Amino acid sequence: MRRISRITVAGAATASLALALSACGSTSTSGSSDSKGDKGLAIAYDVGGKGDQSFNDAAYAGLEQAKKEFGYQTADVEPTEGETNADKEQRLVSLAKQGYNPVIGVGYAYAAAVKGAAAKFPDTTFGIVDDATINTKNVADLVFSEEQASYLAGVAAAKTSKSKVVGFVGGVDIPLIHKFQAGFAQGVKDTDPKVKVLSQYLTQTAEEGGFASPDKGKTAAEGQIEKKADVVYAAAGLSGQGVIEAAATEKVWAIGVDSDQYQQEALAKYKDSILTSAMKDVAKAVYNLAKSVEDGKPETGIVRGDLKTGEVSLSNSNPKFADNAELQAAIKTAKEKIISGEIKVKSS
C-alpha cells in the first residue's frame, strides 16, 4: 500500500533528481506514475554498478519485476568513484525525498548510509543487501547463506576436476567473501580430500577495485591455471568476468557467482566454459521487500535466504552440468544434508 501522496513529492522531484545526478551518480527512472500514491522501489548500486552481470544486475532484475507487477515508477542509481559514506547517505536521502519506498542500498558498503537515511525518514522502508548490523524498525537486512551455495560449488568442482587442483578468487578480503571461500573449500574437501584448493583475494579494500576490475580477476585466474587449477570459482563481482574469460581461454571450467552467469548476454561467448553458478537470489529479496511495502506489511529486521528457502542454489543452465547424473546426485545429497543440519557449513 502506497503511503505518501504523489502530490507531496512532485514539486521536489525535479530538484531532488538533479541533486542525485550531480552529487550521487547517475539515476535512471522508469515506469508510469503510481495511481495509488507515491513512487515505488529505488535501488542504489554497489561498486561495479549496473552491467556487472552479477550482484547489481540481480538487484535490477528484482526492481524490474516489481515495476512490472505493481506498475509504478522506479529508480536505480549508480555509484561514483571515491565516494564517501556521506555521499551514499545523500543518495538514499534524495531518493526518499522524491517519494520512493522502499529504498535499497545494494551491498554492505551502504550500512552507515542506510542507518543515517532511515533515521531521517522513519516512514520510509529501507533495505540493505549483505549486511545484518542495522537494528532499526524501518530497515530490512537482506542477507544470504552464501557459504551453503558455495559448498555445493565445491562439490561440483571436486567432482569435475581432473587435475585435482581447483581455484577460488575472492574480490576483496572481507568477512562476506570469506563465507564463499570457506563453504567452497569445505565442499571440495568433504567430496575429495585429495583435491587442492588455491585461494587468492584481489584487494584488501573495495576502493582498490577488487569488485570492479576484470583485469585483476583475469590475472589471478591465469596464475591459478598455471598451477594446474582446472576449475576456478570467482566471488568477485565485475572482476569475475576476467576469471571467466581466463578459464575460457585456457579451456578449463569457471564457476560463476550471484547470478546465473551462463545466461548473461555479456558473457555469452564464454558460456561453454561456465560449469555452473553459485547463486543468491538478490532479485527475489529485492522484489519481496517491495511487495511487502506494497502490501502494507513492510519486512524489517534480518531477512535471510538459504538453501531451505531456495534463495541460494546452483544454476543448471549448462547442459553438461545438468545432464551429469553422478554430479547431480552428489549435489542433491549434499544439499539435503545441509538442509537437515547433518552438514554444518563453515562461514569463515
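Two cavities of 30 Å³ or more are enclosed in this structure, which is a predicted model. The largest cavity holds about 180 Å³ of space, and 19 residues line it, among which Phe55, Ile177, Phe211, Gly237 and Asp258 are the closest to its centre. Three elements each supply at least two residues of this lining, namely helix H2 (55-70), helix H6 (175-191) and strand S10 (253-258), and of the contributing elements H6 gives the most, with three residues. Sorted by class, the lining of the largest cavity consists of 11 nonpolar, three polar and five charged residues.

The second largest cavity has a volume of about 30 Å³, and its lining is made up of Ser54, Ala234, Gly237, Gly240, Ile244, Ile255, Gly256, Val257 and Gln261. Two elements give two or more residues to this lining, helix H8 (240-249) and S10, and the largest share, three residues, comes from S10. Here the classes divide into four nonpolar and five polar residues, with no charged residue present. Gly237 is named both among the residues closest to the centre of the largest cavity and in the lining of the second largest cavity, while S10 supplies residues to the lining of the largest cavity as well as to that of the second largest.

Besides these cavities there are pockets to consider. The largest pocket has a volume of about 430 Å³, and of the 21 residues that line it, Val47, Thr80, Gly82, Ala206 and Glu207 lie nearest its centre. Its lining divides into 10 nonpolar, six polar and five charged residues.

We can now turn from the spaces to the framework. The protein has 11 helices and 13 strands, and six of the strands form an open sheet with mixed pairing, in the order S8-S7-S9-S10-S11-S13. At the edges of this sheet stand strand S8 (196-203) and strand S13 (312-314), and each has a single partner strand, so one side of each is left without a neighbour in the sheet. From one strand to the next, the twist averages 15°. Strands of a sheet pair through backbone hydrogen bonds, in either a parallel or an antiparallel manner. Within this sheet, strand S9 (residues 231-235) and S10 run parallel and are joined by three bridges, and Val231 stands opposite Trp253 in S10.

Helices pack on this sheet as well. Helix H5 (residues 146-160) touches strand S7 (165-172), S9, S10, strand S11 (274-280) and S13, and its direction makes about 165° with that of S11. H6, which also contributes to the lining of the largest cavity, packs on the sheet in contact with S7, S8, S9, S10 and S11, and the direction of H6 makes about 170° with that of S7. S10 is therefore touched by H5 and by H6, and because five of the six residues of S10 are buried, this strand is largely enclosed by the rest of the structure.

Val231 offers a closer look at the strand beside S10. This residue has its place in strand S9, and it counts as buried because its relative accessible area is 0%, under the 20% cut-off. Not counting residues up to four places away in sequence, Val231 touches Ala157, Thr160, Ser161, Val165, Val166, Gly167, Trp253 and Ile255. Val231 and Ser273 lie 42 residues apart in sequence, and their C-alpha atoms are 9.6 Å apart in space.

Glu89 provides a second example, this time from a helix. Glu89 is found in helix H3 (residues 85-97), and with a relative accessible area of 17%, which is under the 20% cut-off, this charged residue is buried. Leaving aside its neighbours within four places in sequence, Glu89 is in contact with Ala112, Ala113, Gly116, Ala117 and Lys120.

These two residues can be set against the protein as a whole, in which 57% of the 348 residues count as buried. Among contacts between residues at least 6 apart in sequence, 71% join residues that are at least 24 apart.

Technical notes: Residues numbered from 1 in each chain as written. Predicted model: local features only at pLDDT ≥ 70, side-chain atom pairs only at ≥ 80, totals over all residues. Heavy atoms only, no water. 1 Å grid on protein atoms, 1.4 Å probe; cavity = no way out; pocket = protein on both sides within 12 Å on 5 of 7 lines; lining within 4 Å. Points joined across faces, edges and corners; volume = space filled by probe spheres on them. Helix = DSSP H or I, 4+ residues; strand = E, 2+ residues; numbered from the N terminus. Pairing = 2+ DSSP bridges. Axes fitted to C-alpha atoms, helices over the stretch in contact; angles between N-to-C directions. Contact = heavy atoms within 4.5 Å. Buried < 20%, exposed > 50% of the residue type's maximum accessible area, 1.4 Å probe, protein only.
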